[in-house]
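Visitor: Please put the structure up, and then I will ask about its parts.

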Amino acid sequence: MMKKLLCVLLTVTMLGTCLWGCGGKSQEPAGNTGTPNEQGGGAESAENTEAAGDAEVVTYYCAIGAYLETMKAEVDNWNQTVGKEKNIYIQLTSDIDNYGTNLTAMMQSGNYPDLYDYAYENTEFSANGWNYDLSTIDELSDLIARFEPYLVDGVNYHGGRLIGLPLEVIPVKFAVNLDLFEKNNLELPKTWDDVVECAKVITENGGGVDYGYGFTWQWSGGIRRLAMKSCYSSTGVSWWDNGNAQYDFKPFKKSIEAHREMYENGYMFPDPSELSIDGIRSKFAEGHVGMITAYGYDIGVYNDQFPAQCNWKIIDCPTYEEGEAPYKGVYLNRSNVGITIGVTEEHLPAVVEVFKFLHSEELYSKLYSVGAIIPHESSIMENTEMAKEVKNWQEMSDLTNYAPLNLYPDNLLNVEGDNYNTVFQAVIMGAAEFDDVVDDLNDRYNAAYQQLKDSGDLDLEAYENPYTSLQK
C-alpha cells in the first residue's frame, strides 16, 4: 500500500514539475520551502513558453474546457497587444479531467502556479496559506468594489479572507437529443422513470450505435454532478444539509437506482468506465446519445467545442414524481481565479495585471457573447450583443425557480473507508445495494465532519450557514 501511495505522490509531483518546469522568470517566495514558482506548459497550453521571449511569464492553471478555444484566443490577443506593451506573457494550461486532484497535489508539494481556477477552492487552501487575501492587494481595490454586491461568505470569502471574485452562475439542467426522441416517437422525460424508459427505447432501437443516456465515472465529478446535483428540485436538499450540519445521502436513492437500472441494461453509452466527460459529450454532439445532464458551460460545448450534429434542446432536470417539481433547481455560484502564495512581491505586479484582464468587463462580455458564461452583473448581459446565434442559450440562462447551491465540506474530510463516489459506483454496477450501504456512508461522513469540527483547525461557519433555500 505504501509503495502505491509513493507512486501516486511521485506522479503528481512530476505532473507539477512538467506543468511549471519550462523557463520563465521565477523567484523563491519568502518563507516558502517548496519548489520555486516555475513556469511551464502542458498538452493544453495556449502556446509554447518559447513564444514569451524575454517577457515576464504569468502561469494560469485552469480547468476550462467548454470555451477553451475562445479563452486561448483572448489570451493570445492580450499577449500580443497589452502583454507585449507591458512585457508580460500569460501561459495558460487547462487540465479538465483531474484538475482538483492535481491542483491540490501541486499546492501540497509547493509547485504553485501563479493563478488557478478558484472554482476548485476549498477551505484547506486558505488554512494552509496557499493563496492571497485579495483585499490586501491595494491595486485590486477598484475591482473588488465592482463585485461587492455579489460577494458571498463561503464562496468568495473563507475565514474572513477574500480569495476569489465572481465569474458566473452555472445552472444545472438536462440536454436531450430531439432527433432520437422523434425517431422513437417519445415524449421528453419529466421524471427519472421517464428517463429510464426513454433510454430503454432509444437503446433497443439504436442498433448498437445510439444509446439512451450519457454518463461517466471516469470524470472525478461524474456521480456528484451528473447523478446528484441534477436531483435538487426533487430532494430540496443536498447530501450535506447546511441547516442541520449533517450528511444524509438517502434522498438520492431514486437517482442512483435509476442509473443502476440503465447501467445494468446497457442503456448508457457505451460504458461509464470507458470515456471521460468530454468523450461522452462528443458522443451526444454526434447524435448518438439521447439524454445527458447539462451545466451552463455545456452550451459552449455543444455550440463550439463539439458542435452538435443533432437537433438538441435544454430542459429542466427530471423529477422523482410526476407533476411540478416541489423545489427549485440549482445553479453553481462560481468564482474566477485565485492568486497562489507562490507569487513573490517582485512578481505580483505582473500577476495583478493578468488578474485584472481575467476579470475585465470586456472579457466577461466576450465570454457571454459566445454563450460561455452567465455573469452575475446584469449590466454586462444588457450591454452585450451576442456574437452569433447560440442555440439553447436563452433556455439555459433562464434562472426562474433556480437558486444558488449551498456549500458542502466534502473535500475537507478524512473519511474512513470508501467515499461516496466509490460506494455509489458499486451500487450502480450492482456490487452493492443502496439500502445496505447508505446508513454506514452517512455515519462515516458525519463522524469525519465531527472530527474536523472538534479539531478546531478550520473555520466551518460557512458550511453551517443555510444562506439559500430551495423552497419555491
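Visitor: Which residues form one aromatic cluster with Tyr232?

Guide: This is a predicted model, in which local features need pLDDT of at least 70, side-chain atom pairs count only at pLDDT 80 or more, and totals for chains, interfaces and linings use all residues. Residues are numbered from 1 along each chain as its sequence is written, and side-chain values use heavy atoms, with hydrogens and water left out. Rings of Phe, Tyr and Trp (its six-membered ring) pair if their centres lie within 6.5 Å; planes under 30 degrees apart count as stacked, over 60 as edge-to-face and the rest as tilted. By that rule, Tyr232 shares one cluster with Trp239, Trp240, Tyr247, Phe249, Phe252, Tyr408, Tyr420, Phe424, Phe434, Tyr445 and Tyr449.

Visitor: Which residues of helix 19 are met by Tyr420, Val423, Phe424 and Val427 in helix 18?

Guide: Helices (H or I, at least four residues) and strands (E, at least two) are DSSP runs, numbered from the N terminus. Contact means heavy atoms within 4.5 Å. On the helix 19 side, the residues met are Phe434, Val437, Leu441, Arg444 and Tyr445.

Visitor: How is helix 18 oriented relative to helix 19?

Guide: Axes are lines fitted to C-alpha atoms, for helices over the stretch in contact, and angles run from 0 to 180 degrees between N-to-C directions. Helix 18 (residues 420–428) and helix 19 (residues 434–455) have axes 11 Å apart and an angle of about 180°. Angles under 35 degrees count as roughly parallel, over 145 as roughly antiparallel, 65 to 115 as roughly perpendicular and the rest as oblique. Helix 18 is therefore, relative to helix 19, roughly antiparallel.

Visitor: In which sense do strand 7 and strand 11 pair?

Guide: Two strands pair if DSSP finds at least two bridges between them. Strand 7 (residues 211–214) and strand 11 (residues 289–295) have 2 bridges, and Tyr211 stands opposite Val289 in strand 11. The sense of the pairing is parallel.

Visitor: What is the bridge partner of Gly214 in strand 10?

Guide: Strand 7 is also joined to strand 10 (residues 268–269), by 2 bridges, and these two strands run parallel. Within strand 10, the partner of Gly214 is Phe269.

Visitor: How many aromatic pairs does a search of the whole structure find, and why is the pair of Tyr211 and Phe269 classed as it is?

Guide: The search gives 29 pairs. For Tyr211 and Phe269, the ring centres are 4.9 Å apart and the planes stand at 80°, so this pair is edge-to-face. Tyr211 in strand 7 and Phe269 in strand 10 are distant parts of the chain, and their separation is 58 residues.

Visitor: Are Tyr211 and Phe269 buried or exposed?

Guide: Buried means under 20% relative accessible area, exposed over 50%, partly exposed in between (1.4 Å probe, protein chains only). Tyr211 has 17%, and Phe269 has 10%. Because each value falls under the cut-off, Tyr211 and Phe269 are both buried.

Visitor: What class of aromatic pair do Phe284 and Tyr302 form?

Guide: Phe284 lies in helix 12 (residues 277–285) and Tyr302 in helix 13 (residues 298–305), 18 residues apart. Phe284 is buried at 0% relative accessibility, and Tyr302 is buried at 2%. With 4.9 Å between the centres and 50° between the planes, the pair is tilted.

Visitor: How many residues of helix 12 are buried?

Guide: Among the buried residues of helix 12 are Ile277, Asp278, Ile280 and Phe284. Just after helix 12, Gly287 takes a positive phi of about 95°. Helix 12 is mostly covered, and its count of buried residues is 7 of 9.

Visitor: Which strands stand at the edges of the open sheet of order 2-1-3-14?

Guide: This sheet has 4 strands and mixed pairing. Two of its members have a single partner strand each, so one side of each is left without a neighbour in the sheet. These edge strands are strand 2 (88–94) and strand 14 (337–339).

Visitor: What is the bridge partner of Tyr116 in strand 14?

Guide: Strand 3 (residues 115–117) and strand 14 run antiparallel and are joined by 3 bridges. In strand 14, Tyr116 has as its partner Gly338.
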